[in-house]
Amino acid sequence: MRRILTFTGPIILLLIEGLLLCAFLAIYDYAPEADASNLENSVAPYLNGKSESVPASYTLYQDVHVMIWIGFGFLMTFLKRYSQSAVGLTFLIGAILVQVALICDGMLHLKLGSPAPLSLGSLLSADVAVATPLISMGAILGKVTYMQLVLMGIVELIMFTANKYVGEHLFMVVDAGDSMFVHVFGAYFGLAISFVLGMKDKPEEHDLEGSSYQSDVFAMIGTVFLWLFWPSFNSAALTGDDQQRAIINTLLSISASCVITFAVSALVSKDKFNMVHVQNSTLAGGVAIGTAAGMMCQPVGALAIGAISGMISVLGYKYLTPIIQKRFHIHDTCGVHNLHGMPGVLAAFFGALMAGLATEASYSYALYEIFPARAPSSEAEIGKMRNYGISPGLNRTAYQQAGYQLLALAVTLAISIVSGLITGILLRTMICGRVTEQQKFDDVVVWELKSEFQHEIGTNRIDNTRFNNHIAMGNIQHVDISNI
């Protein structure tokens with residue numbers, strides 16, 4: 001059976017790429033700005049005295065690109081025997097799912113008789129979408145096959161697209177950095193899958209689940225890349241002053257979370273820094289400010305929310321993760337609940353608070369650009385605002401907008417958890433294979449390794465790696481939870 005499944009994996013990958021090719025043929029064509037048959041693309045640059053036409057937004061797109069493939073990939077290399085899988089499978093899964101994300105987005109922009117336009121903006125949206133299943137991947141890292149990850153990602157992107165459509169187009173909520181639609185959705189989708197996988201076999205400490213000195217250093221590469229480029233992630237979809245505020249607010253928030261992480265980590269770890277906390281909780285501020293990144297939350301507000309997120313993230317790793325594993329059998333390999341889940345929920349509440357406090361006095365007409373649903377609905381009231389690009393809205397009050405922000409959070413949690421549970425049940429079928437207890441967190445199952453790194457899979461492992469005491473996420477520093 002194992003040989004059959006090993007053989008069918010590559011065949012399924014080839015079939016998936018073939019189906020994606022057919023889907024692109026049926027759905028997409030170049031957007032007007034990228035279409036060579038559009039005469040304006042040939043003459044406009046010269047008429048304007050310019051010879052370059054690469055948009056400025058490409059820089060932000062590249063920043064996000066680096067975050068997805070280097071940031072997420074290297075962040076998950078902390079496992080001492082699973083580093084090749086962390087980087088390699090992120091490479092593979094990301095390359096497949098960025099195409100799936102484009103197809104999902106293209107389906108929303110199809111018009112009768114005309115294909116969907118493929119532009120740089122489409123690529124940016126796809127990169128952001130891919131972050132969602134990569135977050136979920138962190139919850140089940142080392143416990144599933146690569147085909148299970150592919151299946152999970154395809155299903156998740158379909159549900160992600162539906163959820164984001166409901167939030168942005170039906171509820172008309174604001175989530176500039178996608179803290180709700182990406183981070184909350186990805187975290188709780190992955191945790192729901194982990195719950196299903198742990199229903200049959202209670203998660204237990206595994207001898208390969210710890211980190212080594214070298215793997216921790218490699219994981220810090222991912223942390224630093226993510227930390228540096230997070231302002232681009234939160235601001236790439238915005239323009240003008242909104243984009244500038246998002247960059248400023250994100251930098252302040254993520255800086256505060258970094259400082260607080262080191263401080264709280266030393267407090268709860270006997271005056272020493274814990275590498276797990278530093279690798280992850282330092283980034284919590286980028287998640288926590290995401291929803292309100294483009295709002296007028298003031299510098300002090302950005303610093304405060306970043307500080308709070310760093311604190312709750314460290315405390316989550318120290319105390320909450322072991323409880324979740326013990327009581328609910330939810331094994332969270334990378335601790336995505338502490339980096340993405342809780343800070344994402346905090347971001348949603350902070351965004352709702354800032355939406356409830358937003359007034360025309362503090363935003364001027366930009367209030368109706370950031371919150372389009374709050375724009376007046378009558379033509380008489382909107383008349384003088386048209387010169388500023390304001391279109392009629394739904395005439396919502398500040399409190400109504402805040403209510404819809406919270407409603408979007410509730411719907412995101414519901415869809416992510418329910419769809420995650422169903423996906424988890426699907427992953428337990430043999431169609432995509434399974435990883436046995438002895439094969440977990442081990443590169444040798446997936447990769448051809450050099451002879452000096454080969455070791456026996458089983459109870460008598462040959463492990464020449466010196467590792468520190470950063471064992472399972474659910475048992476960080478051997479916290480005694482027997483009486484909890």
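**Close-up views of a predicted model**

**View 1. The largest pocket and the residues at its heart.** In this predicted model, 46 residues line the largest pocket, and those nearest its centre are Ser125, Lys164, Glu168, Ala237 and Leu238. Seven elements may help you find your way around the wall, since each gives two or more residues to the lining: helix 3 (57-75), helix 4 (83-108), strand 2 (116-118), helix 5 (120-140), helix 6 (146-170), helix 9 (240-268) and helix 15 (367-370). The volume of this pocket is about 1200 Å³.

**View 2. What the pocket lining is made of.** Helix 5 is the element to look for here, as it gives the most to the lining of the largest pocket, with eight residues. Sorted by character, the lining residues are 27 nonpolar, 12 polar and seven charged.

**View 3. Thr223 and its neighbours.** Let us turn to a single residue. Thr223 sits in helix 8, which covers residues 213-235. With a relative accessible area of 4%, Thr223 counts as buried, because the cut-off for buried is under 20%. Leaving aside residues up to four places away in sequence, Thr223 touches Leu75, Val278, Gln279, Thr282 and Leu283.

**View 4. Stepping back to the whole chain.** The chain holds 17 helices and two strands. It has 484 residues, and 53% of them count as buried. Among contacts with a separation of 6 or more, 79% are between residues 24 or more positions apart. The accessible surface of the chain is about 22200 Å², with 65% of that belonging to carbon and sulfur atoms.

Technical notes. Residues numbered from 1 in each chain as written. Predicted model: local features only at pLDDT ≥ 70, side-chain atom pairs only at ≥ 80, totals over all residues. Heavy atoms only, no water. 1 Å grid on protein atoms, 1.4 Å probe; cavity = no way out; pocket = protein on both sides within 12 Å on 5 of 7 lines; lining within 4 Å. Points joined across faces, edges and corners; volume = space filled by probe spheres on them. Helix = DSSP H or I, 4+ residues; strand = E, 2+ residues; numbered from the N terminus. Nonpolar A, V, L, I, M, F, W, Y, C, P; charged D, E, K, R; others polar. Buried < 20%, exposed > 50% of the residue type's maximum accessible area, 1.4 Å probe, protein only. Contact = heavy atoms within 4.5 Å. Areas by Shrake-Rupley, 256 points an atom, 1.4 Å probe, with all protein chains shown as cover.
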